[in-house]
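Here's a quick walk through this model, from the overall fold down to a few individual residues. Have the structure open as you read.

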Amino acid sequence: MTERNIATLYMKVDPVHPEQKAIEEAALILRRGGLVAFPTETVYGLGANALDGQAVARIFKAKGRPSDNPIIVHVAGREQVSALIESLPVTAEMLMDAYWPGPLTLVLPVGEMVPQEVTAGLRTVAVRMPDHPVALALIRAAGVPVAAPSANMSGRPSPTSAKHVLEDLNGRIEAVLDGGPAGVGVESTVLDMTSKVPVILRPGGITPEDLRDVLGEVDVDPAAAAGFSKVETPRSPGMKYVHYAPLAPLRLVIGKPEAAALKIKELAGKEKARGRKVGILSFSKNDDFSHYGEVVIAGCREKPETVAAGLYSALRRFNDLGVDIIFAEGLEELGVGLAVMNRLKKAAGGHIIIV
Ligand code: TXA
Ligand code: MG
């Protein structure tokens, strides 16, 4: 998995009005079966022509991704969706009206044209229209739908900048388009539209409240709420893998902010006394952790969007700092806070301390 032998082409583009020359070049790479990383509003994606099974197979190889984990297909317009699916429920159309382009992925019955590398053999396909000028321009110029998981090595935090992409994939992919930082910071919401009541398989940028505004009833898969699955074959195959993990073990401390901060100080103090380098992930400037370890402030607790935007960068920062163990504060599971907590629980791999 350490093999790196492709010269990765780096192209900086304007995030609002991307230069056509760079877009054309990247689109050509996609049409020829190559891999291009590009910014979306959530995180950076690693794209391949979704209708070319061999090209999609290369994504799995470059990322070290388990072959049973299906990939989201990105479109630049609603007209591209019908070729990918068998049928479109009215409820899906209502959601597209409300939230596309945007961080909402819809799981629908798969059509015949989609290769099984994309779906990992499932009878459904996940589709989304990203809300980013660079992503949309690239898909349009390629003239094909683009299969794209997050552009990180499997198991590492998702990339929210081109720098993160290169840390993981330089030499393994043909090109990266650098359109600056990704805004939302956590991945799209994955919503299964194939059951009577739609089910959130992965919480993300569009919240359960947003979805209920349009649909009324929406369920949350237990694995999505818990952050991990005890089931061998969860409905979203990605749920069974430990994701988003920094290199050091992470302990998530959940409770009232003051009580959680005290507990973190107690635990971090013990680790420090044992001579270990401690990292602390905080969502407030006022917690005063600096005596206990290396503090990274990912955002502000009162504004969960800022925590979402800074989360993955913060997890990568702990890798750079070379800490031995990380203690993280929690957030209220409201709005995008639900997605943040899902990612933190996954990063903790079940090591959760409730105070
Ligand atoms: O925001 C995002 O969704 C980003 C950007 C690049 O668009 N993409 C992303 O892809 O996060 P990835 O591969 O890292 O996560 C895709 C998730 C996985 O948990 C996968 O199991 C699930 O979506 N998924 C894909 N196709 C599915 C399907 N047909 N049925 C159920 N789950 C599916
Ligand atoms: Mg991913």
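## Overall fold

The chain's secondary structure adds up to eleven helices and 16 strands, where helices (H or I, at least four residues) and strands (E, at least two) are DSSP runs numbered from the N terminus. Keep in mind that this is a predicted model, with local features needing pLDDT of at least 70 and side-chain atom pairs counting only at pLDDT 80 or more, while totals for chains, interfaces and linings use all residues. Residues are numbered from 1 along each chain as its sequence is written, chains are lettered from A and ligands numbered from 1 in the order in which they are written, and side-chain values use heavy atoms, with hydrogens and water left out.

The chain has a radius of gyration of 20 Å, which agrees with the value near 20 Å for a compact globule of 355 residues; that radius is taken over C-alpha atoms, and the globule rule is 2.2 Å times the number of residues to the power 0.38. Along its principal axes, the C-alpha trace spans about 60 × 50 × 40 Å.

## Burial

Of the 355 residues, 58% are buried, meaning under 20% relative accessible area (1.4 Å probe, protein chains only). Contacts (heavy atoms within 4.5 Å) often link distant parts of the sequence: among those between residues at least 6 apart, 69% join residues at least 24 apart.

## Helix H2

Helix H2 covers residues 53–63, and its buried residues are Gly53, Ala55, Val56, Ile59, Phe60, Ala62 and Lys63. Their cover includes strand E3 (45–49), helix H4 (116–119), strand E7 (146–147) and helix H6 (162–169).

At the N-terminal end, Asp52 acts as a cap for H2, with a side-chain oxygen 3.1 Å from the backbone nitrogen of Gln54. Just past H2 comes Gly64, with a positive phi of about 65°.

## Ser284 and Ala314

Ser284 sits in the loop between strand E13 (278–282) and strand E14 (294–297). Its 16% relative accessibility is why Ser284 counts as buried. A polar atom of the Ser284 side chain lies 2.9 Å from the backbone nitrogen of Asn286. Neighbours within four places in sequence aside, Ser284 is in contact with Ile297, Gly299, Arg301 and Glu329.

Ala314 belongs to helix H10 (residues 304–321) and, at 3% relative accessibility, counts as buried. Leaving out neighbours within four places in sequence, Ala314 is in contact with Leu281, Val296 and Ala298. Gly299 is 15 residues away from Ala314 along the chain, and their C-alpha atoms are separated by 9.4 Å.

Definitions and conventions: Buried means under 20% relative accessible area, exposed over 50%, partly exposed in between (1.4 Å probe, protein chains only). A polar contact is a pair of N or O atoms within 3.5 Å; within protein, one must be able to donate a hydrogen and the other to accept it, and residues adjacent in sequence count only if both atoms are side-chain atoms.
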